[in-house]
Amino acid sequence: MKSVFGQNYCNQIQKMSKKNRSASSATATNTCAWCGKHIPKDTEIFSLGAKTKAGVDLTPHAGGVFPLLLMEPRRTIMAIVPLHDSPAKKEGNDLLFALCSQSCGQALKQALQQQLDIIDRLIN
């Protein structure tokens, strides 16, 4: 799945302090990005990976998280920026989303695709 995230999101990340990113990272890995449900430590965590738009470099923010506003449905989700040497990054993922279930993963994937479709309509 590919996703488009522009310079505004990079600016948001730059404004976050390391302390906030660290605290947010812990929250982002045990909270479902889609439904917001707490994911207990002894429970399986599902994930969804995404690519950013070409030219967006999140390397300085690896290991952190940032809020991502979805236009439809209107909600904010937490995106995790994987470390450069992580398996997720090696598989080509620029962003990760922690999820409590496959159904939340499908819903988030659909919402991200809707986001892309909206952006494409606005641009074209």
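Where is the place of Pro-73? Select Pro-73 in your viewer and you will find this residue in the loop between strand 2 and strand 3. Before going further, keep in mind that you are looking at a predicted model.

**Stop 1: the whole chain**

Zoom out and colour by secondary structure. The protein chain has four helices and four strands. Follow the cartoon along the sequence and the elements come in the pattern α-α-β-β-β-α-β-α. Switch on a surface next: the protein chain exposes about 7,500 Å², with carbon and sulfur atoms supplying 52% of that area. Of its 124 residues, 40% count as buried. If you display contacts with a separation of 6 or more, 68% of them in the protein chain link residues 24 or more positions apart.

**Stop 2: the hairpin**

Now select residues 65–70, which form strand 2, together with residues 75–80, which form strand 3. These two strands pair in the antiparallel sense, over six bridges. To see one of the pairings, pick Val-65 in strand 2 and look across to strand 3, where the bridge partner is Ile-80. While the strands are on screen, here is a general point to look out for: in a regular strand the side chains alternate between the two faces of the sheet.

Slide along to the turn. Four residues make the hairpin connection from strand 2 to strand 3. Pro-73, where we began, lies in this loop. Show the backbone as sticks here, and look at the peptide bond between Glu-72 and Pro-73: it is cis, with omega at about 0°.

**Stop 3: a charge over a ring**

Select Arg-75 and Trp-34 and show their side chains. The charged end of Arg-75 sits over the Trp-34 ring, 3.8 Å from the ring's centre. What does a search of the whole structure find in the way of aromatic pairs? The count is zero.

**Stop 4: Ser-101**

Finally, centre the view on Ser-101. You will find this residue in the loop between strand 4 (95–99) and helix 4 (102–123). Is Ser-101 buried or exposed? Ser-101 counts as buried because its relative accessible area is 19%, and the cut-off for buried is under 20%.

Add the neighbours Ser-103 and Cys-104 to your selection. The side chain of Ser-101 makes a polar contact with the side chain of Ser-103, at 3.0 Å. The Ser-101 side chain also reaches the backbone nitrogen of Cys-104, at 3.1 Å.

Methods: Residues numbered from 1 in each chain as written. Predicted model: local features only at pLDDT ≥ 70, side-chain atom pairs only at ≥ 80, totals over all residues. Heavy atoms only, no water. Buried < 20%, exposed > 50% of the residue type's maximum accessible area, 1.4 Å probe, protein only. Polar contact = N/O pair within 3.5 Å; in protein donor to acceptor, adjacent residues only side chain to side chain. Pairing = 2+ DSSP bridges. Phe/Tyr/Trp six-rings, centres within 6.5 Å; stacked < 30°, edge-to-face > 60°. Lys NZ or Arg CZ within 6 Å of the ring centre and 35° of its normal. Contact = heavy atoms within 4.5 Å. Areas by Shrake-Rupley, 256 points an atom, 1.4 Å probe, with all protein chains shown as cover.
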